[in-house]
Amino acid sequence: MFMSEKPRVGVYVCHCGINIAATVDVEAVVEFASRLPGVVVAKNYTYMCSDPGQQLVQEDIRKENLNRIVVASCSPRMHEMTFRRTLQDAGLNPYYLEMANIREHVSWVHEDQEEATKKAKSLVGASVSKARMLEPLEEKEVEAERSALVIGGGIAGIQSALDIADAGYQVYLVEKTPSVGGRMSQLDKTFPTLDCSACILTPKMVDVANHPQIELMTYSEVEEVGGFVGNFEVKVRQKARYVDIDKCNGCGDCADNCRVKNRIPNEYDEGVGKRSAIYMPFPQAVPAKMTIDPDHCLYLTRGKCGKEPKCQEVCGPGAIDFEQQDQVVELKVGAIVVATGFDTFEPSRKPEYGYQDSPNVITGLEMERLVSASGPTGGEILIGEGETARKPKDVAFIQCVGSRDQSVGNEYCSRVCCMYTAKQAHLIKEKIPDADVRVYYMDVRAFGKGFEEFYDRVRREGVRYIRGNPSEIFSKGDKQVVKVEDTLTATPMEDEVDLVVLATGLEPRADARGVIDLLRLSQSSDKFFLEAHPKLYPVDTSTDGVFLAGCAQGPKDIPDTVAQAKGAAASAMIPLSLGKVKVEAQTAEVNQDTCRGCGFCVEVCPYSAIELTTVNRFGHAVNVASVNEALCKGCGSCSAACLSNSVQPRSFRDSQIMPQIAALGVRK
Amino acid sequence: MVDQAVIREKAKEIVSREDVKHLVGWRKGTFGYRVSPHWVETPEDAEKLIFSPLCSPNLTTYLTLEEKLPLPKGEEPDRRKTALLVKGCDSRAAVQLLTEQGIEKEQVLILGVPCRGVIDQRKLEEKFPEALGGVEAEWDGDKIRLRFPEGEKEIAREELLAGNCLNCRYPNPVWAEEILGDEVEPWSDGKAPGVEELEKASPDDRWAFWEKEFSRCLRCYSCRNVCPMCYCEDCILDRLNPTWVYRSVNYSENTAFHIARAFHLVGRCVGCGECERVCPAGIPLGKLNQKMVEEVRDKYGFEAGTDPESLPFQASYDPQDQEDFIL
Amino acid sequence: MSEPFEPNIVAFLCNWCSYAGADLAGTSRVKYSSNIKIIRVMCSGRVNPLFVMNALQQGADGVLISGCHPGDCHYLEGNMYARRRFGLIKELMEFVGVDPRRIHMSWVSASEGGKWKDVVEKVVEDVREAGPFEQFKRDKINW
């Protein structure tokens with residue numbers, strides 16, 4: 001790394017209004033910076049990121065011939081991009097920028113002004129030391145695939161896929177279950193408009209199946225993702241249905257005649273309803289094809305089903321194919337949208353609510369299935385089985401089950417439960433007008449468009465809202481007793497009801513870990529997938545080209561899910577529409593003269609971006625390391641493993657970090 | 001039992017091969033009891049080869065020390081093999097170089113010699129100052145017989161052997177084309193008493209010990225030069241941009257030098273003891289490196305130079321690596 | 001009256017998890033001791049263990065390295081290498097006689113602003129107890 005010119009450093013200390021200036025003596029930091037070796041200009045300004053702030057830097061670059069810029073302000077994670085552009089627009093290589101974080105790491109976390117100022121000076125000193133050693137870097141470009149992968153076929157995945165496809169790009173929509181639709185297909189009516197969920201969802205499901213730009217891969221899972229934005233290499237496993245979908249016409253004769261007909265708990269009905277071993281998840285499934293469940297089919301588990309499998313016997317088109325194998329498909333895509341959805345809280349984790357003890361304590365989603373016309377009871381709200389089935393008179397809803405609850409590890413609010421409870425309470429009143437419905441709540445959150453109005457309406461319809469969180473729910477004969485205190489009147493009571501509905505909250509999917517490992521996602525403290533920035537990048541992840549949509553990122557209702565899905569699609573389309581992506585500039589570089597070809601860096605690199613090649617050193621063939629810059633992500637693990645310090649990540653070289661250490665070590 | 005005659009015969013045979021450039025072994029040195037490395041290019045040269053408890057030098061270091069001179073245009077590099085006589089520890093150094101791609105398998109021909117330990121030169125001079133006038137040594141059961149011009153003396157092995165030999169776990173070469181001698185029974189579990197003693201001392205006492213030792217360092221770099229594992233063309237401890245360690249000779253820089261070198265040897269040091277042997281200031285470098293050898297063995301289950309197929313220790317990790325020290 | 005000893009601690013934080021966690025502590029206005037000074041690296045795997053030695057030599061009293069939790073590394077496994085390396089440098093330094101309270105490693109994720117504060121306070125406390133580092137400090141003229 002040859003220094004061809006003397007560094008002329010400009011230091012700019014930001015006030016950030018009073019965010020920095022109230023704690024750090026900005027003038028003193030400027031004065032300190034002006035005395036540092038190499039510093040030609042040291043100034044301060046109220047808002048460095050504003051137009052005048054940026055112009056200040058640009059003017060100085062021109063007037064004072066600055067070739068290194070240090071901005072002491074907020075976190076580089078905030079504005080590094082902004083200031084890089086400032087430099088670029090002024091004709092200076094954007095990698096000549098170094099930032100000192102004196103806001104998040106100083107003014108916002110320390111109270112003593114003297115200490116804060118001392119620390120700010122030290123950090124600025126370190127940044128100047130590093131800035132002097134920076135080098136110009138070039139951002140290369142590679143071509144991007146003009147296609148996208150959407151993982152998850154719920155409403156979020158469907159919406160993203162439709163938007164990207166409508167814009168003209170190829171989309172691969174991969175869904176784990178045999179049909180798209182997801183959670184929304186399990187709902188009856190949606191709050192607050194009481195739209196029929198299936199009625200608004202199924203047209204979109206059909207669109208996705210028929211769209212010329214969408215390849216729908218149901219009953220499939222993403223197994224492997226490699227590559228980088230614009231050039232993802234994906235392996236998708238299409239699981240064997242044991243049914244030839246080209247021949248199957250979805251008539252259902254097979255399911256009607258299956259030897260284990262209606263004996264298997266149906267996932268779609270949350271286990272309340274039953275299905276056969278060969279099944280269609282629900283009547284409006286898309287694709288409307290049958291699938292054989294390999295865990296319950298007699299032929300597949302025991303090798304024998306009577307004399308001949310019944311389904312095969314009765315299938316008119318002859319679509320049953322027990323020889324079918326899983327198929328692995330390899331795809332190349334430019335962007336990925338993760339829309340893998342949620343699971344609901346498992347109520348047996350709160351044993352005091354008696355979910356395990358009685359069939360008359362059910363979850364919100366189970367209630368949804370009871371109330372649905374496509375559900376196991378045809379839309380009738382019934383408790384008990386067969387002869388003893390009857391309509392409940394007294395129904396209690398319990399809010400915040402598994403949410404806002406430190407004891408089960410879910411501190412967050414699940415956002416939708418207050419409203420779905422109000423909706424379900426309303427539906428009960430509609431179907432059983434003389435039922436006495438009460439809702440035991442902690443707070444009612446009716447924040448969205450039309451929500452408060454709906455909540456009012458539901459109360460006017462006679463649903464009673466009682467503020468209290470039950471301590472226990474137990475059976476007494478065929479009644480459920482809810483032991484709770486009405487906190488507004490300080491009255492403890494034991495409320496006997498026929499049916500208890502636990503408004504269970506939303507949780508990340510049980511198999512989320514698999515998705516995380518696949519895509520290098522992070523988790524927030526609530527364990528949902530972490531967005532790149534909570535305010536400004538709600539659909540991005542820390543991996544370029546991978547976006548989040550829907551409840552995978554956090555609990556939300558359908559309007560918010562669709563909005564986020566559209567946002568993710570728009571972001572995903574950026575590399576697709578440009579047709580090219582910028583490759584990381586801060587990649588590693590090998591000094592092949594000092595490299596001794598030991599291969600430690602080759603072993604260590606997580607992206608296999610380094611390999612040993614042969615070079616000619618004075619007539620001898622010598623092995624040295626060589627970096628593939630398209631694959632290198634600039635992590636620097638290679639560098640720490642290198643005993644001769646030959647491989648170094650640009651902008652984070654030893655010669656750039658060690659001056660920082662020296663500057664910070666100085667005690668003033 | 002190792003018969004010198006067998007070694008000489010073998011050397012003659014090897015050196016006569018077309019594909020062998022030379023063989024490196026030991027011969028009597030020019031000063032007192034010292035032993036020098038000997039390059040055997042012709043069968044006649046082989047007559048000078050010896051093997052005795054005085055043969056401390058680790059000849060593996062010459063594999064990487066060999067200078068590759070610039071070749072005139074059109075000339076092909078000499079790709080003939082270098083044959084090498086190795087003891088137990090030396091063979092592990094060769095294996096370690098193999099895993100690090102410091103040498104190629106086809107470049108070397110290893111002849112192993114089972115070893116019962118070598119004499120510590122400082123202990124020898126202390127107990128037998130007359131050794132400087134010349135002495136020969138051989139094994140006699142569990143004792144070492146020293147043959148001075150004036151007569152013979154015998155001494156128990158524990159009193160004369162080098163520290164690292166007393167806790168050696170690999171007296172037999174682990175990788176060799178041929179082993180020239182009878183295998184030896186290992187005698188130690190590998191724990192060095194000197195290391196244990198230091199581990200038990202208080203941090204202040206430990207620093208007092210090392211500060212005194214490092215103050216004596218001359219920065220002659222003998223330890224680095226003799227070490228088979230130190231073969232970087234441009235050692236980071238010599239570099240100026242960035243400067244890890246200044247060239248001034250004071251205990252701050254000396255400590256940094258030795259910590260850095262010891263760290264670079266983690267998972268690579270085979271405990272041959274050469275660094276301690278050649279140090280003119282008598283710094284117990286063996287203790288420093290042996291501590292890390294034991295640490296890596298006990299906590300990570302790895303020993304350098306025992307498996308030619310293994311991944312380098314510093315370039316790998318185990319998902320179960322300990323993390324009790326992490327907050 | 002001499003001033004009480006204020007430790008000078010150099011910290012290496014990985015950009016994606018720990019640095020973000022420290023930023024979150026800032027956005028949440030959590031307050032902690034000002035003795036800790038952060039150097040940003042892209043991954044904890046970047047941190048050459050000899051930086052620890054270098055930092056102590058150049059005036060730091062303590063060193064902290066912080067990275068992503070195992071399994072969460074943005075670059076897949078950099079933190080795994082860091083873990084192995086730091087276990088070893090800590091042992092080596094301790095064997096030479098450096099107080100083990102001076103060298104720390106932590107896992108702090110991007111959402112753990114609170115944990116960052118706790119880590120800082122623990123490290124500052126430990127280094128304060130260990131006292132100023134004089135053992136092989138390089139004598140330099142302040143620039």
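Here is a walk through this structure, from its domains and cores to its cavities and a few unusual spots in the backbone. Keep in mind as you go that this is a predicted model.

Let's begin with chain A. An assignment splits chain A into domain 1 (9–132), domain 2 (147–239 + 327–341 + 511–580), domain 3 (253–314), domain 4 (346–507) and domain 5 (588–649). Look at how domain 2 is written: three stretches of sequence are listed for it. To get a feel for the scale, find domain 1 and domain 4 of chain A, whose centres, taken over C-alpha atoms, are 56 Å apart.

Now for the inside. The largest nonpolar core contains 193 residues. Among the residues with the most contacts inside this core are Ile69(A), Leu23(B), Leu146(B), Phe12(C) and Met93(C). Which element gives the largest share of the core? That would be helix 3 (residues 78–96) of chain C, with eight residues. Domain 1 (9–132) and domain 5 (588–649) of chain A each contribute residues too, so the core lies between them.

Pick Phe12(C) and see what surrounds it. Setting aside neighbours within four places in sequence, Phe12(C) is in contact with several residues of chain C, including Ile39(C), Val47(C), Phe51(C) and Leu64(C). Phe12(C) also reaches chain A, where it contacts Ile657(A) and Ile661(A). There is a second, separate core as well, made of 36 residues, and Met367(A), Phe397(A), Ile428(A) and Val501(A) are among them.

What about empty space? The structure has 13 cavities of 30 Å³ or more, and the largest has a volume of about 250 Å³. This largest cavity is lined by 24 residues, and the closest to its centre are Asn164(B), Cys168(B), Arg169(B), Val270(B) and Gly271(B). The elements that each give two or more residues to the lining are helix 3 (88–99), helix 6 (163–166) and helix 12 (285–300) of chain B. If you sort the lining by type, you get 11 nonpolar, eight polar and five charged residues.

Next, some backbone oddities. Most peptide bonds are trans, and most residues other than glycine have a negative phi. With that in mind, look at Val286(A) and Pro287(A), which are joined by a cis peptide bond with omega at about 0°. Pro287(A) sits in the loop between strand 15 (278–279) and strand 16 (291–292) of chain A. Another cis bond, again with omega at about 0°, joins Asn241(B) and Pro242(B). You'll find Pro242(B) in the loop between helix 9 (222–226) and helix 10 (251–264) of chain B.

As for phi, Phe618(A) has a positive value near 55° without being a glycine. Phe618(A) is in the loop between strand 32 (610–617) and strand 33 (620–627) of chain A. Is Phe618(A) buried or exposed? Its relative accessible area is 60%, so Phe618(A) is exposed. Gln101(B), also not a glycine, has a positive phi of about 60°, and at 39% relative accessibility it counts as partly exposed.

Finish at Asn410(A), in the loop between strand 21 (394–401) and helix 12 (417–431) of chain A. Despite being in a loop, Asn410(A) counts as buried, at 7% relative accessibility. Leaving out residues up to four places away in sequence, Asn410(A) touches Phe345(A), Gly402(A), Ser403(A), Arg404(A), Asp405(A) and Glu507(A).

Technical notes: Residues are numbered from 1 along each chain as its sequence is written. Chains are lettered from A and ligands numbered from 1 in the order in which they are written. This is a predicted model: local features need pLDDT of at least 70, side-chain atom pairs count only at pLDDT 80 or more; totals for chains, interfaces and linings use all residues. Side-chain values use heavy atoms; hydrogens and water are left out. A nonpolar core is a set of buried Ala, Val, Leu, Ile, Met, Phe, Trp, Tyr and Cys residues joined through side-chain atoms within 4.5 Å. Buried means under 20% relative accessible area, exposed over 50%, partly exposed in between (1.4 Å probe, protein chains only). Helices (H or I, at least four residues) and strands (E, at least two) are DSSP runs, numbered from the N terminus. Domain bounds come from an automatic or database domain assignment. Contact means heavy atoms within 4.5 Å. On a 1 Å grid over the protein atoms alone, a cavity is a set of points where a 1.4 Å probe fits but cannot get out, and a pocket is an open set with protein on both sides within 12 Å along at least five of seven lines; lining residues have an atom within 4 Å of a point. Grid points are joined across faces, edges and corners, and a volume is the space filled by probe spheres set on the points. Ala, Val, Leu, Ile, Met, Phe, Trp, Tyr, Cys and Pro count as nonpolar, Asp, Glu, Lys and Arg as charged, and the others, Gly among them, as polar.
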